[in-house]
Amino acid sequence: MKAKEKILVIGSSGQIGGELVEGLRTIYGQESVIASDIKDLDNDALITAAPYETLNVLDKNRIFEIVQKYEITQIYLLAALLSATAEKNPMFAWDLNMNGLFNVLDLAKEGHIKKVYWPSSIAVFGPTTPRVNTPQYTIMEPNTVYGISKQTGERWCEYYFNKYNVDVRSLRYPGLIGYKSAPGGGTTDYAVHIYHEAIKHQQYECFLSENTSLPMMYMPDAIKATIDLMHAEAEKVKIRSAYNLSGMSFSPKEIALEICTHFPTFKISYNPDSRQQIADSWPQSIDDSAAQNDWGWKAQYDLKKMSNDMFKHLIK
Ligand code: AKB
């Protein structure tokens, strides 16, 4: 059954995209997973990315052309502007994050594809949300353009499911940390940069303050959660807005202490910038019991296990 699926990943050059394509190709085979991004790839990169298509998610006709060319059955839509970058260009962020989603949801509504994955984020929560062990259902008043777009996107996903029977699934990702690709424009990016700087310079200047605790997740957990949710039987996916998802929570001070167990001379300093305000509006930890109960989610990595693995790979 799985072999018949043809998957299009939109935004495959981003932080999650590359690893998701890799994970999906292990399951479905290289030729059944089509990577796509707005970037043209050079010849060397194309060899590993193939099959690859250059695609702007705002161009619905082009998405449709690719869907027809490969007989695509599922789309994973990852193209988006993240929290910090979106604040610099709010109207473009709104356009990209919302109209990209509509283009894909409409293709599903029109019957051209069977299933859609679209990531939401902890950014759907805001300063009035309870910050510790944030429940699935709670006050949501996001005050960033990224958060507003993700919350609105969640509402539309649920609407398309209820009104048009579109099989759309979503997770509220925490900050994602991986060694394979760089993050792009988020508030949680420091938690990736810090590992690279620890190896290169044994020091790091953090753009968040020392006790800013945020929900985070190691990339293998995020990829597993994504694929598990997409593989879950439809009846088990009871939430069609987006599921809370939890891995671990830590502050810059706590990750620095963990890094010191690998690099005892490592030093962190703090110089909070505009991203501090965004971080202060987000939860510190997340209750993901709905994901656990509905489709059996459980994270495997904590801060120590993740750091060991990050250093093992980055030092190589
Ligand atoms: C960001 O920091 O913007 C993202 C996110 C939490 O969605 N990593």
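Which residue does the side chain of Lys180 meet in a salt bridge? The partner is Glu22, with an N to O distance of 2.8 Å. The model described here is predicted.

## Salt bridges

The count of salt bridges comes to 16. In the bridge between Lys180 and Glu22, Lys180 belongs to the loop between E9 and helix H7 (190-201) and Glu22 to helix H1 (residues 17-28), so the pair ties together parts that are 158 residues apart in sequence. Lys180 is partly exposed, at 40% relative accessible area, and Glu22 is likewise partly exposed, at 43%.

A salt bridge also joins Glu110 and Lys60, whose closest N and O atoms are 2.9 Å apart. This pair links distant parts of the chain, 50 residues apart: Glu110 sits in the loop between H5 and strand E5 (115-117), and Lys60 in helix H3 (residues 60-70). Glu110 is partly exposed, with a relative accessible area of 44%; Lys60 is partly exposed as well, with 25%.

Asp167 and Arg169 form another salt bridge, with closest N and O atoms 2.9 Å apart. Asp167 counts as buried because its relative accessibility of 17% falls under the 20% cut-off. Arg169 is buried too, with a relative accessible area of 2%. In addition, Glu53, Arg62, Glu65 and Lys69 are joined into one network by salt bridges that share partners.

## Pocket and cavity

The largest pocket has a volume of about 830 Å³. Its lining comprises 41 residues, and those nearest the pocket centre are Leu78, Ala80, Leu81, Leu82 and Gly184. By class, this lining contains 22 nonpolar, 15 polar and four charged residues. At least two lining residues come from each of helix H4 (83-88), H5, strand E6 (120-121), helix H6 (145-164) and strand E9 (175-177).

There is one cavity of 30 Å³ or more. The largest cavity holds about 30 Å³ of space and is lined by Leu77, Ala79, Ala80, Leu96, Asn97, Trp118 and Lys150. Five of these lining residues are nonpolar, one is polar and one is charged. Ala80 appears in the cavity lining and also among the residues nearest the centre of the largest pocket.

## Surface and helix H5

Met91, Trp94 and Ile148 make up a nonpolar surface patch, with about 300 Å² of accessible area together. Within this patch, Met91 lies in helix H5 (residues 90-109) and is exposed, at 64% relative accessible area.

Asn89 lies in the loop between H4 and H5 and is partly exposed, with a relative accessible area of 38%. Asn89 and Phe125 are separated by 36 residues in sequence and by 20 Å in space, C-alpha to C-alpha.

Conventions:
Residues are numbered from 1 along each chain as its sequence is written. This is a predicted model: local features need pLDDT of at least 70, side-chain atom pairs count only at pLDDT 80 or more; totals for chains, interfaces and linings use all residues. Side-chain values use heavy atoms; hydrogens and water are left out. Patches are made of residues with over 30% relative accessible area and no salt bridge: like charges are joined within 9 Å, nonpolar side chains (Val, Leu, Ile, Met, Phe, Trp, Tyr) within 5 Å. Accessible areas come from the Shrake-Rupley method with a 1.4 Å probe; for residues, only the protein chains shown count as cover. A salt bridge is a side-chain nitrogen of Lys or Arg within 4 Å of a carboxyl oxygen of Asp or Glu. Helices (H or I, at least four residues) and strands (E, at least two) are DSSP runs, numbered from the N terminus. Buried means under 20% relative accessible area, exposed over 50%, partly exposed in between (1.4 Å probe, protein chains only). On a 1 Å grid over the protein atoms alone, a cavity is a set of points where a 1.4 Å probe fits but cannot get out, and a pocket is an open set with protein on both sides within 12 Å along at least five of seven lines; lining residues have an atom within 4 Å of a point. Grid points are joined across faces, edges and corners, and a volume is the space filled by probe spheres set on the points. Ala, Val, Leu, Ile, Met, Phe, Trp, Tyr, Cys and Pro count as nonpolar, Asp, Glu, Lys and Arg as charged, and the others, Gly among them, as polar.
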